[in-house]
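The exercises that follow ask you to read a protein model step by step, and each task is followed by a worked solution. Please look at the sequence and the structure before you begin.

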Amino acid sequence: MILLWGSNAREAHPIFFHHLMQGLQNGARMYAVDPRRTSSAKFADLWVGLELGSDVALANTVANYIVSNDLHNKEFIAHSTTGFDAFVESLAEYTLERGEELTGVPAAAIAEMARAYATAETAQILWTLGITEHHNAVDNVLSLCNLALLTGHIGRWGSGLVPLRGQNNVQGGGDMGALPNKLPGFQNVSDPDHRAKFEAVYGRPIPPEEGLHLTLMFEAMERGEITAAFVIGENPADSEADIAHARKLLRGLDLLVVQDIFLTRTAEMADVVLPASVGWAECDGTVTSSERRVQRVRAAVTPPGQAKHDHEILGELAHRMGYPEWGDPTPKELWDELRDLSPMHGGMSYERLEAEGGLQWPCPDLDHPGSPFLHGWLWEPDLGGRAGAPFSPVVAQGPKEELTEQFPLRLTTGRALDSYNTGVQSGALESPIRYGNALDMNPADAARLEVADGETVLVSSPRGSVEMPIRIQPDIPVGLTFTTFHFPELVDINTLTNDAWDKRSGTAEFKAASIRVEKLVNA
């Protein structure tokens, strides 16, 4: 049984969706939870079309139904979890009737999905940015974790929680320490023992304070506390919410350095541009998938012109900053250093990665086979010496930006199959299936506004306005609109998006802004 929640995987994760399709062909059932009837939802046994931003309310209602109908895994809960009684108390208001009011999903559909999930032999919950790009992103994720703990659908083959990473090698970036509070291998920068291990190898002290995530960096720019930025493989001048404000802050920096494969809008604003090689085609090293599988990658072509590999650029900067001890390490030498420092990568030698076609962490030593799934300790008699996994009571909240008479429509954003992010890598390619620069709208809303398919309109939010064409789509509910962020040169959509953000994850609420649509008046 598959719960595809807040993910249009067919378009955003097409390779993964092929595997999911194989599961469906083998007899798995799928429930697609999404405000839109996406191309993924059309493959589901049931499309669960909830009100945008009501994910916690739906998850809590599912949990209430499971407990009320004695479908929860009592033995697993007693052995492997903590906080069950307080969690059940927090569910009291989320009856089927109340859940229908909060989510717009018929009570019978909620009950059907809850029973199917609870009684399945194996079940997985898969989610992506439809869950995490909200002001209450962490609460959304915790509400799904609660369902897995309630049913025991975690820590065993075929059952689990599956966050689909938003981009290639996002998992690998986090693994390598590209997080403000972690060293490589998810070791805490605040832990003196963890720091000491790295300091011994690096020969330099590591600051014990946690750094800033991207959203906090922009707030620090606004306060004048950050006056320079080094942007590596990111295009924040197109990808940030409330983009006009973000561009103003980038322009105000004393120094902006961009290291990238193309001259992005951010690079055009930079004082210095460092041309880099393409990670998946021109580099040697490793990449990590959403399933934690580390695989070798090799250069297929040579970087053009003066482009250099990322690690070479950083090494040359280190030399010029007076640190010759950096040397000129190869990707393999850098990887072996990581294996010495990160316990979960210790057993992943280049030789094993080559011979076995990749390994999944944790893989602590050369005799370890890798870990096909996580959290198996939840089923061990002593929980592997750990405390039980906690239930997390969470309260339903709607989008931070409410609809008003002035801005009565809801805007959500996402991806299209043939395009990628802000279009840097895909925009120059022609595609017969391309779409995404128009505003998708239900026929009833279009009729009320007296706008036609293909007509260019003025779309406004509290932050600004853009002109864009309408695409009438019967698969989108009344009151909801949708577009992508792939074509900022054509439609600067992040002029409209909401910069409210989750204080724990740092993620902006790209999925929920309030807008109005107006006909253009001919001059």
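## Exercise 1: Two helices side by side

The crossing of α3 and α9 is left-handed, in a model that is predicted. Work out how these two helices are oriented to each other and which residues of α3 and α9 make the contact.

**Solution.** Begin with the geometry: helix α3 covers residues 55-68 and helix α9 covers residues 137-151, and their axes come within 9 Å and cross at roughly 15 degrees. Angles under 35 degrees count as roughly parallel, and α3 and α9 are therefore roughly parallel to each other.

Next, find the residues that meet. On the side of α3 the contact is made by Asp55, Val56, Ala59, Val62, Ala63, Ile66 and Val67, while α9 brings Asp139, Asn140, Ser143, Leu144, Leu147, Leu150 and Thr151. Sorted by class, the residues of this contact between α3 and α9 are 9 nonpolar, 3 polar and 2 charged.

Finally, look at the spacing of the numbers. An α-helix has 3.6 residues a turn, so residues three or four places apart point the same way.

## Exercise 2: A second partner for α3

Determine the angle at which α3 packs against helix α7 (residues 107-119), and describe the contact that results.

**Solution.** As a first step, take the angle and the distance: α3 and α7 pack at about 65 degrees, and their axes are 9 Å apart. Since the class of roughly perpendicular runs from 65 to 115 degrees, that makes α3 roughly perpendicular to α7. The crossing of α3 and α7 is right-handed.

As a second step, list the partners in this contact: Leu58, Thr61, Val62, Tyr65 and Ile66 come from α3, and Ile110, Ala111, Met113, Ala114, Arg115, Tyr117 and Ala118 come from α7. The contact of α3 with α7 has 10 nonpolar residues, together with 1 polar and 1 charged.

## Exercise 3: A loop residue beside α3

Where does Thr95 lie, and which residues does Thr95 touch when those up to four places away in sequence are not counted?

**Solution.** Thr95 is placed in the loop between α5 (84-90) and α6 (96-103). With a relative accessibility of 32%, Thr95 counts as partly exposed. Leaving out residues up to four places away in sequence, Thr95 touches Thr61 and Asn64. Thr95 and Ala63 are 32 residues apart in sequence, and their C-alpha atoms are 9.6 Å apart in space.

## Exercise 4: One loop, several backbone features

Study the loop between β14 (359-360) and β15 (389-390) at Pro362, His375 and Leu383, and decide whether each of the last two is buried or partly exposed.

**Solution.** Start with Pro362, which is located in this loop and is joined to Trp361 by a cis peptide bond whose omega is about 0 degrees.

Continue with His375, which is also placed in the loop between β14 and β15. Phi of His375 is near 65 degrees, a positive value in a residue other than glycine, and a relative accessibility of 37% makes His375 partly exposed.

End with Leu383, found in the loop between β14 and β15, where phi is positive at about 55 degrees although Leu383 is not a glycine. The limit for buried is under 20% relative accessible area, so Leu383, at 8%, counts as buried.

## Exercise 5: Cover for a helix, and cysteines

Identify the buried residues of helix α16 (residues 310-320) and what covers them, and then find how many disulfides the structure has.

**Solution.** In α16, the buried residues include Ile313, Gly315 and Ala318. Among the elements that cover the buried residues of α16 are β10 (255-260) and β11 (272-275). Just after α16, Gly322 takes a positive phi of about 90 degrees.

For the cysteines, a search of the whole structure finds 0 disulfides. Cys283 counts as buried at 11% relative accessibility, and Cys363 is buried with a relative accessible area of 0%.

## Exercise 6: A strand residue and its contacts

Describe the surroundings of Leu458 in strand β18 (residues 456-461).

**Solution.** Leu458 has a relative accessibility of 25% and counts as partly exposed. Setting aside neighbours within four places in sequence, Leu458 is in contact with Ser465, Val466, Glu467, Arg516, Val517, Glu518 and Leu520. Leu458 and Leu520 are 62 residues apart along the chain, yet their C-alpha atoms are separated by 6.2 Å.

Notes
Residues numbered from 1 in each chain as written. Predicted model: local features only at pLDDT ≥ 70, side-chain atom pairs only at ≥ 80, totals over all residues. Heavy atoms only, no water. Axes fitted to C-alpha atoms, helices over the stretch in contact; angles between N-to-C directions. Parallel < 35°, antiparallel > 145°, perpendicular 65-115°, else oblique. Left-handed = near helix turned anticlockwise from the far one by under 90°. Contact = heavy atoms within 4.5 Å. Nonpolar A, V, L, I, M, F, W, Y, C, P; charged D, E, K, R; others polar. Disulfide = S-S within 2.5 Å. Buried < 20%, exposed > 50% of the residue type's maximum accessible area, 1.4 Å probe, protein only.
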